[in-house]
Amino acid sequence: MKRILTIQKNVLLLSVLVLFFSFFSACRSDDSKPFEKHDANKPVVLSSFSPNEGGVRDQILLDGENFGTDTSKIRVYFNKKEASVISSSGKRIYAIVPRLPGHDCDISVVIEEDSVVYDETYTYNMQATVSTVVGNGTHANKGGSLGEAEVYCRYVAVDDEKNIFASFRDEGFGIFRINEEENQAVILFETTDNNVLTPNAVTVDPVTNLVAVAPDRIKEQFYTFNPIEAWVPREHFIKYSDEELADIVDSHRWKNFMSFCTYDSAIYTRNRDGTLTKINRETLEPTVYKDVTPYGGTNYGQAFDPTHPYNLYFTFHTNAGEFSNTIAVLDIRDPEGEGKLRKINSQTTRGFRDGPIEQALFNYPRQIAFDQDGNMFIADYGNHCIRMLTPDGIVETVAGQPGVSGFSDGGPEESLFSNPWGVAVDKDGVVYIADRGNGRIRKLVVE
């Protein structure tokens, strides 16, 4: 018996030694095969890629020469969006297509100091799916489970925990907090007295998740809802001087937004008389700018671009003169100087046209929101659809049928909206829509 145990121990020890030396030899073998280096004295040559069209997370093979095999030194871009590089044989790169690089993509390969672009372009096929989060089509507001709740809302916002906030001022005045995981739509604040809170847009601070609401009855008033206080409403007053308050035209005192700026940590709001106010978040002391935005023009959209956090964008109603029915941008680093408000689409006529932003047409554009890549999503109220403006300046319709009002979930060819008013985008790029005419909050996944 002892002899058998001894033999078993010896066999086990021999097996361990064999595995050890096999592993050591494999390591030595790998060490003897270093990366095939890119030769900086020779050009990177591109020949072809396959397939020539596809969508997000699709695989693509890029053929050429002098890539090297060290993937840490290789960068692949679809327009300005970087792809994931999985491997390289030196003559073929295996990569993964990134999200929303644009419809027609120039593919560039960057290796150390060398940067080259394929002659042919890659066709990116965008995918979009619309579903309903809450609401049943009634024009009323009632909390409850997502199957029971009724929502008739204008503006939306979303925080990092995927809490959706929506404001209503029809059939009462108030704020919803909607959470899909909890299966609940809770009214955080509600009143029938329009002298208490008449909420316009609801906005989330991207740093603290603080929620701010812009009302329009009292010039200096706004509300916040703090997640660490379970979203109990807090009333605040901007500390305008008597002269500054007098300067805000009473008949145009409405402010639609409280926009948080990560560039200077201030809050920005605009009255319909054109007054733009920068608010110190700690002291609530204002800096007032006059005549930098259209006098008498209502802005139904206002948002900062996270990729250029000093650029504040607006959408204007048809009462804004030369800015009517347009999207405009203001550089808040110099609001009264060279960075004055400028239109990014030149057409003021109501209508519908996709394509380069300079020629694009909108029909009562309302709330706007950005994803983390700088894509702007636009609730095109009068066209009953959701539009997207890419960082490259191209407008695309991503959901809804232009000019067709209705209700339908599904893909780009099936989805229908009725006067969508609000849009918000979460950290994962999911778009939430206040589909006002349909009395619903919808969700749009775009890839």
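**Exercise 1. How many helices and strands does the secondary structure of the protein chain come to?**

Solution. This is a predicted model, in which local features need pLDDT of at least 70 and side-chain atom pairs count only at pLDDT 80 or more, while totals for chains, interfaces and linings use all residues. Residues are numbered from 1 along each chain as its sequence is written, and side-chain values use heavy atoms, with hydrogens and water left out. Helices (H or I, at least four residues) and strands (E, at least two) are taken as DSSP runs and numbered from the N terminus. On that basis the protein chain has two helices and 35 strands.

**Exercise 2. Over which residues does pLDDT stay under 50?**

Solution. Begin with the scale: pLDDT is the predictor's confidence in each residue, from 0 to 100. The mean for the protein chain is 91, and 92% of its residues reach 70 or more. Residues 1-33, however, stay under 50, and for them the model has zero contacts (heavy atoms within 4.5 Å) beyond four places in sequence. Where pLDDT is low, the predicted coordinates should not be read in detail.

**Exercise 3. Describe the open sheet that contains strand 8, and explain which strands stand at its edges.**

Solution. Two strands are said to pair if DSSP finds at least two bridges between them. Five strands form this open sheet in the order 2-9-8-4-5, with mixed pairing. Strand 2 (53-54) and strand 5 (81-82) each have a single partner strand, so one side of each is left without a neighbour in the sheet.

Next, follow the pairs inside the sheet. Strand 4 (residues 74-78) pairs with strand 8 (residues 104-111) in the antiparallel sense over five bridges; within this pairing V76 has V109 as its bridge partner, and I74 stands opposite I111. Strand 8 is also joined by seven bridges to strand 9 (residues 114-124), again running antiparallel, and here the bridge partner of C105 is Y122. Finally, strand 8 and strand 9 form a hairpin with two residues between them, and E112 in the turn has a positive phi of about 55 degrees.

**Exercise 4. Trace the open sheet that contains strand 31, and give a bridge partner within it.**

Solution. Five strands are arranged in the order 28-32-31-30-29, and the pairing is antiparallel. The edge strands are strand 28 (355-356) and strand 29 (365-370), each of which pairs on one side only. Inside the sheet, strand 30 (residues 376-380) and strand 31 (residues 385-389) run antiparallel and are joined by five bridges, with F377 having M388 in strand 31 as its bridge partner.

**Exercise 5. Is A246 buried or exposed?**

Solution. First locate the residue: A246 is found in helix 2 (residues 242-247). The classes are buried (under 20% relative accessible area), exposed (over 50%) and partly exposed in between, computed with a 1.4 Å probe and protein chains only. A246 has a relative accessible area of 61% and is therefore exposed. For the chain as a whole, 53% of the 447 residues count as buried.

To place A246 in space, take G174 as a reference: the two are 72 residues apart in sequence and 28 Å apart from C-alpha to C-alpha. The C-alpha atoms of the protein chain fill a box of roughly 95 × 65 × 45 Å, taken along the principal axes.
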